[in-house]
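The following note concerns the arrangement of the chains and the contacts between them. The points are numbered for ease of reply.

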4 protein chains.
Amino acid sequence: MGQSTREKLLEAGKKLFAEKGYHRTTIEEITKEAGVSHGTFYVYFKSKKEFFLVLLKEIRGLILNSLNAGIKEKSPQRFFLESFEKVLKEKEVIRIFFFEAMCSDKEFIDFYCESRQLFIEKIEEFLKLLGKQDYRLYARIIHGYAKYLFEEAILTNREVTEEWENFLKHFSLL
Amino acid sequence: MGQSTREKLLEAGKKLFAEKGYHRTTIEEITKEAGVSHGTFYVYFKSKKEFFLVLLKEIRGLILNSLNAGIKEKSPQRFFLESFEKVLKEKEVIRIFFFEAMCSDKEFIDFYCESRQLFIEKIEEFLKLLGKQDYRLYARIIHGYAKYLFEEAILTNREVTEEWENFLKHFSLL
Amino acid sequence: MGQSTREKLLEAGKKLFAEKGYHRTTIEEITKEAGVSHGTFYVYFKSKKEFFLVLLKEIRGLILNSLNAGIKEKSPQRFFLESFEKVLKEKEVIRIFFFEAMCSDKEFIDFYCESRQLFIEKIEEFLKLLGKQDYRLYARIIHGYAKYLFEEAILTNREVTEEWENFLKHFSLL
Amino acid sequence: MGQSTREKLLEAGKKLFAEKGYHRTTIEEITKEAGVSHGTFYVYFKSKKEFFLVLLKEIRGLILNSLNAGIKEKSPQRFFLESFEKVLKEKEVIRIFFFEAMCSDKEFIDFYCESRQLFIEKIEEFLKLLGKQDYRLYARIIHGYAKYLFEEAILTNREVTEEWENFLKHFSLL
DNA sequence: CATGAATGAGGTTTCATTCAT
DNA sequence: GATGAATGAAACCTCATTCAT
């Protein structure tokens, strides 16, 4: 069985970008972590930039899938709580997606911008499903607060799920 | 007379870090922008890292001063609105402080973490002044939403003051 | 076939360090002399310092091997004369080992100190083999005189073998 | 009273060159140690090189004076022992004169070479005074052994005067 | 597919020296 | 004499990328 080389590289990249950030992670380190020679990197990816973009897309796909599942079942439990916890479990995803993507280069920022919009639309969609007034404002408040807690979790290594639940209850979203 | 060389360098750094980010801005570019030779940079700053930290501290000082003024006068107008607009006017501050500081190196992240805490405490302090219950939760919601709007302003170049006012009114903070 | 790149670099370093000294020889010059690009240097060596240390160790190895051969055969001819001439033939070795190593940085000095001790011990060992009284004092006198002649050879470009032989005969060591 | 600025600079240079070597000591450090601004250095000296050469000449003068005093009085006590101890007391002199001078640049090496010759001639002169046969060979042995002990003193921080006395007695020079 | 030796543009930093005050 | 701001040549080192095998 085992992962393909390509998958091993992406896995390694995810780990290292999360740990050290985009600019301070080298191709050398990624290939070493993946257990292949560093020339191999360029068999699968055109450049470091392209590699990071592929990674970002993969991660975004995971998050969106999770949100969509909650929408389908009309379940706030699944939409708000499970999605949140899923992301929270992967500190690497947070670090890469919510921090790193915004520094680095123009194209990553564009990608972040576009993704952020998608997330907010999903939240709006769900709030509408719940018949929530002011869904536009609340989608942004929710996004802002979730990101605040993600930051908190990463920066202080604290447990934040309870705060998230309190927040949701406060606005009758759970 | 004009600025001192040190000030010119900081000004140039602020502009360039905001435009291109910490890692992609070179000392050469900063000194060129400031109109001095690149050796001069090291007359005033020990390293690129130290330079960035000095810049971050200056910027944080400005923001905190602004918040403190609002607290002294017990004026939500000054605390929430004017401070917000002041930061908003300096897109560079936002880009540097809320984006760049979190990537790059450990010490910058630590600085960001510490600063974020200070901001939230200021907001809590003010909410208590207003006699607001749930000041803890709301301080974080406000921080999260403000940051969301800062991001929005930078990423889309949109005017966001109105949305900020609506948000404040919605929670009777203006 | 020819030498490996690593060997070419060491060879070039030996030549240049001997000619111009450690501090005034640049990586650029070493790689140019070796006929490779300067980036290649760092494929094989971590830093200029490490490179110099590797070189010093190689050179010391050659000298020690030579001394050991003389000890094995109990031959003053081989121990004193051949070893001396071998070192003398490589002016670069002298210049690097007996001069340069002692300037530059702390770690090189430590290395020189340690090596000097090893040489003296070898001489003591051999003098004991010859049944020489006062082997401790004489080992140091021999070392001191040999170094004097090495210096002489380098500084004045004079032939010094005859003086070395006279010295040895004077103390009945040949 | 107080030293002149020029003397303070030379004093500072002596200390720092001995501690850190020629290449790793900066003009900045020398002037700081001397308590003057670094521009002042160039009021008194044309360049770092010239400065070092002046220092070397001063030091050599001291050593030669000491040897000459011993010659005048035909006193082996003063010539061998006191001169040796005088130099030994100033570790800085040793470090600079016997180590540093030989690395660095061509002109320093030339100076060292010339000085070494002068010392040996003084020793020869004194040995002749004592009616010593083989004064040529012994002058060099003495020089070599003294330098060995100077090195020892610097490298290991050991007390070496006793060894020097034993050496002298062994050859009936005390 | 996989390798790893080689490249070289480009980055940060140092520091002897100059010069207007 | 003394100062110290400014300079810029030049050093070390990094690392994304290429390419022959």
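1. Copies are superposed here by least squares on the C-alpha atoms of residues with pLDDT of at least 70 in both. This convention underlies the rotation axis discussed below, and the model itself is predicted.

2. Chains A and B. A turn of 179° with a shift of 0.0 Å along the axis lays chain B on chain A, at an RMSD of 0.1 Å. The two copies are thus related as by a two-fold rotation axis. Within chain B, the residue that comes closest to this rotation axis is B:G144, whose C-alpha lies at 2.1 Å. The same surface serves both copies, in that 100% of the contact residues of chain B recur in chain A.

3. The helix crossing between A and B. Helix α8 of chain A and helix α8 of chain B, each spanning residues 135-156, have axes that come within 8 Å and cross at roughly 105°. Angles of 65 to 115 degrees count as roughly perpendicular, and α8(A) and α8(B) are therefore roughly perpendicular to each other. On the side of α8(A), the contact is made by A:R140, A:I141, A:H143, A:G144, A:Y145, A:K147 and A:Y148. From α8(B) come B:R140, B:I141, B:H143, B:G144, B:Y145, B:K147 and B:Y148. By class, the residues of this contact of α8(A) with α8(B) are six nonpolar, four polar and four charged. B:G144, noted above for its approach to the axis, is among the contributors from α8(B).

4. Chains C and D. Chain C can be laid on chain D by a turn of 179° and a shift of 0.0 Å along the axis, with an RMSD of 0.1 Å. The C-alpha of chain C nearest the axis belongs to C:G144, at 2.2 Å. Because 100% of the interface residues of chain C are also interface residues in chain D, the copies meet through the same surface.

5. Composition of the C–D contact. Chain C and chain D each give 19 residues to the contact. On the side of chain C that touches chain D, the elements giving two or more residues are α8 (135-156) and α9 (161-170) of chain C. Helix α8(C) supplies the largest share of that side, with nine residues. The side of chain C that touches chain D comprises 10 nonpolar, six polar and three charged residues.

6. Pairs without contact. Which chains does chain D not touch? Chain B and chain D do not touch, their nearest C-alpha atoms being 12 Å apart. Nor does any contact join chain A and chain D, where the closest C-alpha atoms lie 30 Å apart.

Note on methods. Residues numbered from 1 in each chain as written. Chains lettered and ligands numbered in written order. Predicted model: local features only at pLDDT ≥ 70, side-chain atom pairs only at ≥ 80, totals over all residues. Contact = placed C-beta atoms within 7 Å. Helix = DSSP H or I, 4+ residues; strand = E, 2+ residues; numbered from the N terminus. Nonpolar A, V, L, I, M, F, W, Y, C, P; charged D, E, K, R; others polar. Axes fitted to C-alpha atoms, helices over the stretch in contact; angles between N-to-C directions. Parallel < 35°, antiparallel > 145°, perpendicular 65-115°, else oblique.
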